[in-house]
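User: I am new to this structure. Could you take me through the place where the two chains meet?

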Amino acid sequence: MNTHGAGVEFGYLCSYFPVELVLAAGLHPARILPAVSPSTGLLPPFLCAPVRSYLEAGISGDLSALAGVGFVHACDAMQCLAQVWGVLVPAPRAFLVPSPTRRDQAALPRFRAALQRLGRVLGEFTGHQVGEEELGPALEEVNGHRSYLAALMARRDTVPIPDLWEVFRTPWRPPDRARPQDPAQRSARSQPPDPSQQTRPRLVLSGSPVPSPDLLFMLEEAGALVVGDDICTMERGLGLPTQCYNPEKDDPWDALARHYLGLPPCPCRHPGPEVRREHLHSLLESRRAQGAVLLAEKFCEPQLWEQHRTATWLRQKGIAVTVLEQESGRRPGERERTRLQAFVESLMATSPEVR
Amino acid sequence: MPAALMPGPPRLHCLSYVNRLLARHYLVARQSRHLPAFARPPLAWVTSGAPVEILRSMGIMCVYPENFSALVAARKQGETLCRVAEDAGYSPDLCSYARINLGSVLRPQLAPLGGLPPPDLLVACNNICGTVLKWYQELALLFEVPLFVLDAPFLYEEDTAALDYVRGQLEELIVWLEKTVRRRFQAARLEQVVARSAEATALWEEIRQLGRLRPSPINVPDLFVTMGPVVTLRGSQSATRFYSRLKRELETRVQKGLAAVPGERIRLLWDNIAIWYRLYRFFRPFTEQGACFVVDTYTAGWSVRLQGEDPLRALAVAYTTVFLNRSVEYRARQMQQLIRDFAVRGVVMHSNRSCKPYSGIQPVLARLISSHTGAPVLIVEADMADPRVFTEEGVRNRVEAFLEALS
């Protein structure tokens, strides 16, 4: 498949997968998003819908055009998926990063070695050697693109949802090829500033992966602006903040390992909850958000563990919070719409800067 | 005479003894909290896969929330404590061991023995699942005590670098413990504790191997009850003494020709954790048909081999290579070997809602096992400790159909 004219695509399932290595190996990284309605019976029903949908996609051949699929050791459900993939899905081949659960200094040598090994394996697979000389430029390329994405995310409230979702769906398409104009600039040019934007409640989303922009549309229809998120199929999946890499003096493998270990942690990592809450709070402040919607996918155990404490903590900080439970394998519908509408209305009623 | 009408062997004496042993362990732990500060040993809550030998060598008392939750579930108090946790905001989709434990922390008066004594520190190893990471992170916040997480990488394939990583963390654990509990680590003491652990786990494996005999002197529910000491008292002399005693008792059964299931005619393998609130009742239909579970995968988890001159390396290997930390291919090979060695005719897999690493790959594992060995596989959906997930009628129908097919 070469739909974007940017090379053969290599899919990956987790925001911790090192896209830099994919580029260094001469492939184009393509984020695989979960489908809405998984139906495979080859995983038990108490594994989350996203994971079951990934297996369904693999078995049905939807991913067969990809050169490979990248897995990262994350939660127990993903661990199960990575194991059964090789047994059930003949193509595309799985490439695994056994990333450490710990995010501290003790894990750095382990992670660095695992990344080097993945580089070797990808290199053998594609015939492109992946060494320091290849990795360095890939780091710079991805860094540059992440700077563009970071700037875009900072003003995402001005980007139409379809364009925003396209960025989340295909984050590594170069902006100057598939997106002849920066969506934010295009949006700003095509429409005059809307004064009502200033008074709409600003929200941040956090929690389990979302497969579609449905919730974004629902919140927009309810009168809110989603100004940020901590969701791995959306903003978190972009791997921000941009890493610091100085090609003059930094070892690229070290830089790569440090970047991914230093990302705001997903709930599968340690240390975790306190750092995640601080990150979420800082996101709320930097985006001037008044409220947070915490998404709890059924059977998404890492997120479910943190939900109620995170909600309590944010409320103590004066942030309005609602927890939205997502049922497995079902598109959000009237139940979610009513819940979100009520939340947005409560923000409008109680927040002085929002009317 | 049909198996159902044959008198069974007398109940193992060790079953009563093990209950007293574990009750004493928890009571001693609780009473130690009342000692004056200078005499009170530090108390750690640890996961079942944590390298307890290091803590034990430093005089740290260890209690296991998982084991306690199993005990609660076996006493049919699991639902009550799960509800306490859920009322406090914890999702009902979380692991039932964790919910029971959290329920007992929030309302200790509802838990047996008044719940577990509060910890001074926490040590978690993720070699069994990722849930323990979240569980212990939550406990650290609830109790405001330090937590050490030992990261044992999942072995999707052979990975010697993972063992080096774990060994390095064991050294880090020692330094952390010395700082946290203000006690010196002594290598000689660790060697002694590791040696005792090795004795207990070796005895445990010898006991499990008795299931190869025909008829088997032991049925898996007996193993579930008697595994308590190798989990909670590993490294202590009382564990070694207990298993020596159990082994003698079973060997006596063998000498007398006593079978755990009289008229044994079907030999089965059990996969996954026990259904604790149905510990013997679940197996009754099998027993009545002369079906004996001669081996299982769960209790094998404590048949670790501690070998080598470097105790830390031995611990790193033992705790990283536990079966739950291994790939589906490894687990399939393990089960195929057990089916051959124990002359097993069929497999019953408990699809345990609370344990994703164990249960998540079972549908695929069942396919691999059946295709390689021809053994039929029954998958029973339940939960290890939350009885609300168990549907009697549905399970009974499937068990009956399975036994009929085997007959």
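Analyst: Here is a walk through the interface, with most attention to the side of chain B.

This is a predicted model, in which local features need pLDDT of at least 70 and side-chain atom pairs count only at pLDDT 80 or more, while totals for chains, interfaces and linings use all residues. Residues are numbered from 1 along each chain as its sequence is written.

Let's start with the extent of the meeting place. Chain B brings 51 residues into contact with 40 residues of chain A, where contact means heavy atoms within 4.5 Å. Together the chains bury about 4000 Å², with 61% of it on carbon and sulfur atoms; buried area is the accessible area (1.4 Å probe) that two parts lose on being put together, summed over both. Of the area that chain B buries against chain A, 20% is supplied by B:K134, B:Y156 and B:K356, more than any other three residues.

Next come the charged pairs. There are 7 salt bridges between chain B and chain A, each a side-chain nitrogen of Lys or Arg within 4 Å of a carboxyl oxygen of Asp or Glu. One of them joins the side chains of B:E172 and A:R102, at 2.6 Å from N to O.

Which elements of chain B touch chain A? Those giving two or more residues include helix 5 (96-106), helix 7 (160-181) and strand 7 (346-352). Helix 6 of chain B has the largest share, 8 residues. Helices (H or I, at least four residues) and strands (E, at least two) are DSSP runs, numbered from the N terminus.

Note on methods. Chains are lettered from A and ligands numbered from 1 in the order in which they are written. Side-chain values use heavy atoms; hydrogens and water are left out.
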